[in-house]
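Reader: I have just opened this structure and would like to learn how to read it. Could you take me through some features, giving the general idea and then the case here?

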There are 2 protein chains.
Amino acid sequence: MSIDARLRALPSAEILDQIRGVVGPKGVVAADAAVPYLTEWRRRWRGETPLIVVPASVEEVARIVAICASNGVAITPQGGNTGLVGGQIPFGSEVLLSMKRLNRIRDVSPLDNTLTVDAGVTLAEAQGAARDAKRLFPLSIGSEGSCQIGGVISTNAGGVNVLRYGNTRDLVLGLEAVLPSGEIWNGLKRLRKDNTGYDLKQLFIGGEGTLGVVTGAVLKLFPLPTEFVTVFAGVRDPSAAVTLLSLAQTATGGLASSFELLSRLCLDLVLAHIPSTRDPLDAPHPWYVLAEFSSGAAGLRETVETFLASALAKGLIEDAALAENQTQSKSFWRLRHSIAEAIAAEGAAAHHDVSVATADLPRFLMKADAAVAKLAPGARIPAFGHIGDGNVHYDVLPPKGAQRDALSPIEEAIEQRIYDVIAEFQGSISAEHGVGRQRKDDIAKRKSSVELSMMRAIKKALDPQGIMNPGKML
Amino acid sequence: MSIDARLRALPSAEILDQIRGVVGPKGVVAADAAVPYLTEWRRRWRGETPLIVVPASVEEVARIVAICASNGVAITPQGGNTGLVGGQIPFGSEVLLSMKRLNRIRDVSPLDNTLTVDAGVTLAEAQGAARDAKRLFPLSIGSEGSCQIGGVISTNAGGVNVLRYGNTRDLVLGLEAVLPSGEIWNGLKRLRKDNTGYDLKQLFIGGEGTLGVVTGAVLKLFPLPTEFVTVFAGVRDPSAAVTLLSLAQTATGGLASSFELLSRLCLDLVLAHIPSTRDPLDAPHPWYVLAEFSSGAAGLRETVETFLASALAKGLIEDAALAENQTQSKSFWRLRHSIAEAIAAEGAAAHHDVSVATADLPRFLMKADAAVAKLAPGARIPAFGHIGDGNVHYDVLPPKGAQRDALSPIEEAIEQRIYDVIAEFQGSISAEHGVGRQRKDDIAKRKSSVELSMMRAIKKALDPQGIMNPGKML
């Protein structure tokens, strides 16, 4: 296996010509058009590659991988190039395989609740195909307009509906992939039950392209909800929010699809930096919950109102606003979706995407805040996230009035201290975003040796030459 | 790897003494008490073993496996011995590892909706621990009183609530296992989101003990439903039943937890062989649907009644009865749960546990019926199953009036013909029950070579000596 992808030799001109021959002129990206493929969108990573190819079919992908396999040439698969950990950016010797021309909706079956798509279909297109068939594909993330299903699967994307519908892993019934040998594996089953051996697709889901190239998938669809209720509530502290979630799920029978937590600091930053935003509640509260409930049956609003009355009576919420219409619901959600932008406007923040068990979230926040305060007195922490999934986006901003980048010199120290606290709670240092380039060393340092050995054994078994996306994850 | 587990040499007396030393006298099963461990409950398979040990802790399991690993001794793990494909029965040289003394409920966290248990806890005990915490662990199968969580996980058990809550795979958050090296892997995470590498637990779920011994698990809990509605409806044909399911899910927002199909023949056999059963409907119908809806919110009965009125108006159901109370609901369910017993009372049937995509179910039944009729004119097929999962228990009985075992000589031919039809629909020849001993040769013959190669590569990578449950699955 390649220890360091940067040390690989470049493929010869003959091999590159063979690969070009597979896709023809339409499938080759010219050198002067390469920048968008080689630059991570926040400009954190810039890559190099001897060749960018854009195959138009699964068979072309297979032929390209076969040529690479025969010659020990490495490959980096790329979807919409929206990943946050650099998994999609090659180091230098890898052929870059863009999947964007594999963009067919292959089949929609409302009776089966399945949607079969090429890997290069965008998430928004998949959502739309489901909606056209009066079904819901519930996965929803910020980059849905441009991220592709292959990337979503390879990173096991999460998002705002995980509480009700699960991560991408829970939404995939079947998979098609080109293996590191160049063979096509057709696992495109539309079955809800199949106990005939190891569930191989699970290795490719969240596999970050290190075991093969995902080329197609069968996705699970759900009934389209017809009623929605959005609640914005002020709460005392994260502990009250966790108890509130439990009450909400019991009182509605699990109809919450999102349950988001944000601190007052988050709201303050949004109100300060994002135009036309306003606080939905009359008085300030230390923390807020933004919850969305949905149902296909009548009576949802009454059910949620009963729950809120009970929560008020129990002292779990200090105040709450129910969206009266879709416009108001959107304005509540805009507050939540603007947090990242508001933080960026305020200063250079260190970003962490961590998770713990939901019940541990309040204690994690206390311990992590204390740990950060020791290293960086006065640092501000606009914590927000998906409380139902125990997932916090834990960002650290310089003290008020300090330089934008005042914390840059100790950013790494802060990160490692936060990861130490995560370890105390047996949490995850990458809840949603993956490992890629960014957290490869952290994983190597922090995962148990038993687990790392199993991962390496699997990688070696399925990609003995180490040609698939080398230098990422492992 | 062992090609044939039956050809292995028996372990030496010294090695067996070392293993006995780990568990002490309490942990060794005497020869005269061995029969229940070595006999499959329907007496299809009888095994042999040099030693049955019953370890009392994860550490004891690890020490036993380490001794076996050092000496190339094979191991068969066993839970409640309720499996239907012989996966839990050793061939002759394997040490039999019974998990029944690992029976602690380790932790219940209602706020996290998690339940952490030892592998030897029975499914019924796990359900009970959840209920005591006012939560639901939704997995429900016929053997739940004696099957154990370790076995349930290793066979990825399904059952009657898969439509709403998924298979066992969907209900496991974390796993602890002893690896073929004797190392303990602690993957007991209670996280809803964790994208830090391959999701290793997926290999052990449905792995049939071929990659290690599952010793503990973190299970997902759900809000406890408070309202239940049970419907028994007569329908024209399976196609109407499939459309009815789609309408039910749309009209209730996905509140159906079970959606079972049975033919009139099934009901006739139950009414003939099972005492105190009666037809809930006034006139006979060609097919029936038994559906269960559940919710934690008020208004369920009205929602289901509205759905049924709409289904009647659309001609999707011919007649329907709603259970008025729990007793009546139980009497509806008794009809469904007695089918297997009634078929057994009628004659020796060939059993098949197959699945196709839900929308393909009607065409599969027609094609399979025609194929069986060609081989065995007059054979009777009491088909029933979980329509929402595309899963049919497709049994074949001799013609009326024929000898009980009239079909035995052509049973294998019938099975292969049914599997051929399943292949046409890209279905599964083992939807719920697994591979074990029984379907090992079928899998070898019918799976793609690409898929078999991947499975074998994983087995070899994680169990290079082939000591874990040899001769099963692969």
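Author: Gladly! Keep in mind that this is a predicted model. Let's begin with a pair of strands in chain B: β7(B), residues 172–178, is joined to β8(B) by 4 bridges, and the two run antiparallel. One such pairing puts Ala177(B) opposite its bridge partner in β8(B), Trp185(B).

Reader: What do β7(B) and β8(B) form, and what is found in the turn?

Author: They make a hairpin, with 5 residues between the two strands. In the turn, Gly182(B) has a positive phi of about 95°.

Reader: And how do I read the side chains along a strand?

Author: The general idea is that in a regular strand the side chains alternate between the two faces of the sheet. Strand β8(B), residues 184–187, shows this: Trp185(B) and Gly187(B) point to one face and are buried, while Ile184(B) and Asn186(B) point to the other and are not.

Reader: Let's turn to chain A. In what order do the strands of its open sheet of 5 lie?

Author: The order is β4-β5-β9-β7-β8, with antiparallel pairing. At the edges stand β4 (105–109) and β8 (184–187) of chain A; each has a single partner strand, so one side of each is left without a neighbour in the sheet. From one strand to the next, the twist averages 10°.

Reader: How many bridges join β4(A) to β5(A)?

Author: There are 4, and the two strands run antiparallel, β5(A) being residues 114–118. Among the pairings, Val108(A) has Leu115(A) in β5(A) as its bridge partner.

Reader: Now a helix, please. How should I look at one?

Author: A handy idea is that an α-helix has 3.6 residues a turn, so residues three or four places apart point the same way. Take helix α8 of chain A, residues 238–252: its 15 residues reach 21 Å from the first C-alpha to the last, close to the 21 Å expected at 1.5 Å a residue.

Reader: Why is α8(A) said to be largely enclosed by the rest of the structure?

Author: Because 11 of its 15 residues are buried. Including Pro238(A), Leu244(A), Leu245(A), Leu247(A), Ala248(A) and Thr252(A), these buried residues run along the helix. After α8(A) comes Gly253(A), whose phi is positive, near 70°.

Reader: Could we zoom in on a single residue of that helix?

Author: Let's choose Leu244(A), which lies in α8 of chain A. Buried here means under 20% relative accessible area, and Leu244(A), at 3%, is buried. Leaving aside residues up to four places away in sequence, Leu244(A) touches Val235(A), Phe259(A), Val289(A), Phe307(A), Ala311(A), Leu316(A) and Ile317(A). By contrast, the C-alpha atoms of Leu244(A) and Thr215(A), 29 residues apart along the chain, are separated by 42 Å.

Reader: Is Ser263(A), in strand β12 of chain A, buried or exposed?

Author: Ser263(A) has 6% relative accessibility and so counts as buried. Its strand, β12(A), covers residues 256–263. Beyond residues up to four places away in sequence, Ser263(A) touches Pro286(A), Trp287(A), Tyr288(A), Ile381(A), Pro382(A) and Ala383(A).

Reader: Which residues of α9(B) are buried, and what do they pack against?

Author: In α9(B), Arg264(B), Cys266(B), Leu267(B), Leu269(B) and Val270(B) are buried. The buried residues of this helix pack against several elements of chain B, among them β11 (227–235), β12 (256–263) and α11 (326–337).

Reader: You mentioned phi for glycines. Where should I look for a positive phi in a residue that is not a glycine?

Author: Try two loops of chain B. Lys134(B) has a positive phi of about 60°, and its loop lies between α4 (123–132) and β6 (135–136). Ser276(B) has one of about 55°, in the loop between α9 (264–273) and β13 (287–295). Lys134(B) counts as exposed at 63% relative accessibility, and Ser276(B) is exposed at 72%.

Reader: What about the core?

Author: In soluble globular proteins, nonpolar side chains tend to be buried together. Here the largest nonpolar core has 237 residues, of which Phe364(A), Tyr394(A), Phe364(B) and Tyr394(B) touch the most other members. Among the residues that Phe364(B) touches are Val354(B), Tyr394(B), Ile418(B) and Phe425(B).

Reader: Last one: how are the two chains related?

Author: In general, two copies of a chain are related by a rotation about an axis and a shift along it. Here a turn of 180° and a shift of 0.0 Å along the axis lay chain B on chain A with an RMSD of 0.0 Å. That is the relation of a two-fold axis. The same surface serves both copies, as 100% of the contact residues of chain B recur in chain A.

Methods:
Residues are numbered from 1 along each chain as its sequence is written. Chains are lettered from A and ligands numbered from 1 in the order in which they are written. This is a predicted model: local features need pLDDT of at least 70, side-chain atom pairs count only at pLDDT 80 or more; totals for chains, interfaces and linings use all residues. Side-chain values use heavy atoms; hydrogens and water are left out. A nonpolar core is a set of buried Ala, Val, Leu, Ile, Met, Phe, Trp, Tyr and Cys residues joined through side-chain atoms within 4.5 Å. Buried means under 20% relative accessible area, exposed over 50%, partly exposed in between (1.4 Å probe, protein chains only). Contact means heavy atoms within 4.5 Å. Copies are superposed by least squares on the C-alpha atoms of residues with pLDDT of at least 70 in both. The expected span of a helix is 1.5 Å times one less than its number of residues. Two strands pair if DSSP finds at least two bridges between them. Axes are lines fitted to C-alpha atoms, for helices over the stretch in contact, and angles run from 0 to 180 degrees between N-to-C directions.
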